[in-house]
Every structure is written in C-alpha cells, then in structure tokens.
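User: I've got a model open and want to know what stands behind the labels people put on it. Can you take me through a few?

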Amino acid sequence: MLWRKKLLVPLAALTLVLAASAGAGAAPPPAPTSSPTVSAAGDFGAPGPYATAVEVGAITTLYYPRDIATSDRRHPVIVWGNGTFAFPVVYRDLLLHWASQGFIVAAANTPQSNLGISMREGIDMLTRRNADPDSIFRDHVDLEHIGASGHSQGGAAAIVVGSDPRIDTILPIQPGPLANINSVHVPALLLAGQKDSIVFPFLVKAFYNAADHIPALYGEVRGADHFTVVGDAGPFAAPTTAWFRAQLMGDRTARAQFFGPACGICTDTTTWSDVRRNDLALSVPAVAP
C-alpha cells in the first residue's frame, strides 16, 4: 500500500502532463549526422548542454534534446521501464536529465512493464522515425548505441530487454525479481538502495552474483530507499548518467568512474554503501583500447 500511496500524486499529475506536453512537429530533414562525440565533462549530476522536449504518445513518451532536428550528431537511445502502477511522469526529472545530456529516452507508457514489450516498441518506433523524411528525428537517432534501464518492475524489464540484440548495456535500478540475467550478454550496472525495504539489496546482489558471464557492477546507494529515485532522482542522477555516457557515448571521464584500479565509485563512500565489480568488470581497463 505504501507504493500505491506514494504514487497517487505523481499519477494524478500525469493528466496535466498529457494535456500540456506538445508533440514534436515535423521538420525538413537535415544533412546526415555524425557519430557521438567524446565529452570531457565530469559533473554528471549537473544538467547537460541540451534544452529538452517531451512528446507523449500512445505507447511511448519521448524525452529528447529540443533542437534535435538541427543537431549535428546522432543521439544514443535509452529505453525505460516504470515501476508497478507508475508512468514516465513519475521519473520525469531523471529522464529529462538524461535528455539534457544528449540521449533520446523512450519511456514505456505502461504501469506493468515486466515483459519489456513496450520498451522494445520504443526502439521500433524510433527506428521508423529515424527513417521518416518528415520526422524531426530523421537521421538523428543513433540506433547502434541503445541502453535499457528502469525502476523496480521496470528494472526487471531492463534485464528482460537486455537479451535483445539491439541493446548495448543495461542499468536496472532496484530491479524486481522476475527476470533472468543469464540471458543478458552486455555490460550491466545494477543499483540497489541501502534502505530499500521493498526490493532488498540482497535481491539485487543475487542478480549481480548470477551475472558472472558479463562485466557486471553492483552499486548500493547510501541511505536510499525504494522511492529515492522518484521525483528528484538525487544520488541516482550522476552515476546513471556517467554509466550511459561511458557505454553509449565513449566518454573517457565517465568510463573511469567504473573501470580501472582507481575507479570513481570505488572510492566514493559518501554516495555508496557497497560497490562490487565481478572479475570480468575488473578486467576492463579504465581507458578504452
């Protein structure tokens, strides 16, 4: 009942968002775009350089750089799954933060995301939009770099979707138990909350322990409960952004947060109450070869 009660206000706000959010209008297609660039920015919790926009569709809500139609690059994709009874508006701050960093976020409009069907549809939709000459997304979607994330039931969905060959990395946040990480063949950052009494940290550690076939990291956010990521994402904003910048944009500074003997999260005891890296993650160098 606590989960339902916590979401009453955000879910009610969804009606206002649906009414106020403008769809992305059509624009003439730009010239072919470039691949993702490498950033030297290190403050991953700060807003990124892009103004953002939101487009609410029947199946997917898109959060993306507002001037994408005139962008000089292709933008990597993050597909998102919500927690039980939740919708994308509940996680709006985090998803807009990622969009400000240059990502296109395709958030599934379902409160029951575990199967990952709507998350996969987000990829399909962006594939169509990327090829549509009348779309503002024409030639601006980097379909070669796609990550999957989500919270609670949506975190489990991110693991489920991680078996899709189009996915390059997963970042489940406090994932529910209904998933099989043995089907995932891409790097994973699994996040838990130290004070989470719904998805206890030991449940997230079980996924981490089973992920001995992929580079896997476990991070337990100090003091976080199950709803810390809701609304203001707080301590989840910076590490999730750094992970996706490292995995999908080739950001060298972000990569050093997770890999190498002096990895940033390994020494940050203010943010983390527990950090673990399996043998395959330990073998990943801080600097890409």
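**Cores and odd loop residues**

Analyst: Sure. In this predicted model, the largest nonpolar core has 44 residues, and W80 and W98 touch the most other members. Elements giving two or more residues to this core are β3 (75–81), α2 (92–100), β4 (104–108), β6 (169–173), β7 (188–193), β8 (216–221) and α6 (237–249). The largest share, seven residues, comes from α6. There's also a second, separate core of 39 residues, with A106, M125, F137 and V184 among them.

User: What makes a set of residues a nonpolar core?

Analyst: The members have to be buried residues of the nonpolar kinds, such as Val, Phe or Trp, joined through side-chain atoms within 4.5 Å.

User: Now the loops. Why is D139 called buried?

Analyst: The cut-off is under 20% relative accessible area. D139 has 18% relative accessibility, so D139 counts as buried. You'll find D139 in the loop between α3 (117–131) and β5 (141–151).

User: And how do you know that S152 is buried?

Analyst: Same kind of reasoning: buried means under 20%. S152 has a relative accessible area of 9%, so S152 is buried. S152 is in the loop between β5 and α4 (153–161).

User: What is the phi of D139, and what is the phi of S152?

Analyst: Phi of D139 is near 60°, a positive value, and D139 isn't a glycine. For S152, phi is near 60° too, again positive in a residue other than glycine.

Conventions
Residues are numbered from 1 along each chain as its sequence is written. This is a predicted model: local features need pLDDT of at least 70, side-chain atom pairs count only at pLDDT 80 or more; totals for chains, interfaces and linings use all residues. Side-chain values use heavy atoms; hydrogens and water are left out. Helices (H or I, at least four residues) and strands (E, at least two) are DSSP runs, numbered from the N terminus. Buried means under 20% relative accessible area, exposed over 50%, partly exposed in between (1.4 Å probe, protein chains only).
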